[in-house]
Amino acid sequence: MKLDWNDHDTDVARQELSDLYRDAGMGDKPARHLEGVFGASRYRVLVRRDGRLVGAGRAVSDGADVAYLADIAVHPDLQGQGVGGDIVERLLEAASGHAKVLLYANPGTEAFYGRYGFAPMRTAMALFEDPASAAARGFIDSPQDGTSAERRLR
């Protein structure tokens with residue numbers, strides 16, 4: 001299988017990205033939103049096969065202390081064939097030298113990321129724009145008090 005890898009292109013095909021995330025079961029990520037987050041990320045990996053986007057990932061980084069891997073997706077036709085692992089490896093190589101690399105991933109993918117040395121955190125916490133949806137999807141426990149994350153993030 002011939003794949004074309006790109007880790008320097010900042011001109012991301014935003015609708016292609018949106019379609020990839022939907023097809024990979026990662027929800028609805030609007031094209032305009034993805035254009036912004038990929039463009040603002042220090043590291044990015046795009047994978048194409050026959051000109052079609054089949055994989056992507058990115059990392060936000062301060063350049064020294066912390067890097068955060070996010071939005072790693074592989075088209076269902078190529079899942080289980082090592083493409084996702086190659087994306088992770090490329091992002092980890094780009095982020096080498098950081099004091100810590102964090103990862104936010106879908107529930108159920110812990111074993112996959114554990115193969116690359118990621119371990120669950122005991123103190124990680126998050127604010128979500130829609131905390132009820134995040135809790136229903138298994139990303140967080142129900143909020144502990146009445147504070148509205150929705151209000152804080154808007």
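This passage describes the strands, pockets and salt bridges of a predicted model.

Residues are numbered from 1 along each chain as its sequence is written, and side-chain values use heavy atoms, with hydrogens and water left out. Because the model is predicted, local features need pLDDT of at least 70 and side-chain atom pairs count only at pLDDT 80 or more, whereas totals for chains, interfaces and linings use all residues.

Secondary structure was assigned from DSSP runs, with helices (H or I) of at least four residues and strands (E) of at least two, numbered from the N terminus. Two strands are paired if DSSP finds at least two bridges between them. Strand β1 (residues 4-6) pairs with β2 in the antiparallel sense, over 3 bridges. Here N6 has L46 of β2 as its bridge partner. Strand β2 covers residues 43-49. β2 also pairs with strand β3 (residues 52-61), again antiparallel. This pairing spans 7 bridges. Within it, R48 is matched with L53 of β3. The hairpin of β2 and β3 has 2 residues between the strands, and D50 takes a positive phi near 55 degrees there.

β3 and β4 run antiparallel and are joined by 6 bridges. A56 stands opposite A73 in β4. Their hairpin has 4 residues between the strands, and in it G63 takes a positive phi near 90 degrees. The pairing of β4 with β5 is parallel, over 4 bridges. A67 has V101 of β5 as its bridge partner. Between these two strands the chain passes through α3, and the resulting β-α-β crossover is right-handed. Right-handed means that, with the strands pointing away from the viewer, the path from the first strand over the helix to the second runs clockwise.

Burial was judged from relative accessible area (buried under 20%, exposed over 50%, partly exposed in between; 1.4 Å probe, protein chains only). β2 is mostly covered, with 5 of its 7 residues buried. In β4, 7 of the 9 residues are buried, so this strand is largely enclosed by the rest of the structure.

Pockets were sought next. Rolling a probe the size of a water molecule over the atoms shows where empty space is left. On a 1 Å grid over the protein atoms alone, a pocket is an open set of points with protein on both sides within 12 Å along at least five of seven lines, and lining residues have an atom within 4 Å of a point. Grid points are joined across faces, edges and corners, and a volume is the space filled by probe spheres set on the points.

The largest pocket has a volume of about 1200 Å³. It is lined by 39 residues, and M26, K29, D71, Y104 and N106 are the closest to its centre. At least two lining residues come from each of α2 (31-40), β4 (66-74), α3 (83-94), α4 (110-114) and α5 (131-136). β4 gives the largest share, 6 residues. The lining comprises 21 nonpolar, 10 polar and 8 charged residues. In this scheme Ala, Val, Leu, Ile, Met, Phe, Trp, Tyr, Cys and Pro are nonpolar, Asp, Glu, Lys and Arg are charged, and the others, Gly among them, are polar.

The second largest pocket has a volume of about 740 Å³. Of its 25 lining residues, L103, Y104, A105, M121 and A124 are the closest to the centre. β5 (100-103) and α4 each supply at least two residues of this lining. By class, the second lining has 18 nonpolar, 5 polar and 2 charged residues.

The structure holds 8 salt bridges. Each is a side-chain nitrogen of Lys or Arg within 4 Å of a carboxyl oxygen of Asp or Glu. D4 and K2 form one of them, at 2.9 Å from N to O. D4 is partly exposed, at 38% relative accessible area, whereas K2 is exposed, at 61%.

E16 and R48 meet in another salt bridge, at 2.8 Å from N to O. This pair links distant parts of the chain, with E16 in helix α1 (residues 14-23) and R48 in strand β2, 32 residues apart. E16 is partly exposed, at 26%. R48 is also partly exposed, at 24%.

R22 forms a salt bridge with D19, with the closest N and O atoms 3.2 Å apart. The two residues lie 3 apart in helix α1, so about one helical turn separates R22 and D19. R22 is partly exposed at 47% relative accessibility, and D19 is partly exposed at 26%. A network of salt bridges links D19, R22 and D23.

How values were computed:
1 Å grid on protein atoms, 1.4 Å probe; cavity = no way out; pocket = protein on both sides within 12 Å on 5 of 7 lines; lining within 4 Å.
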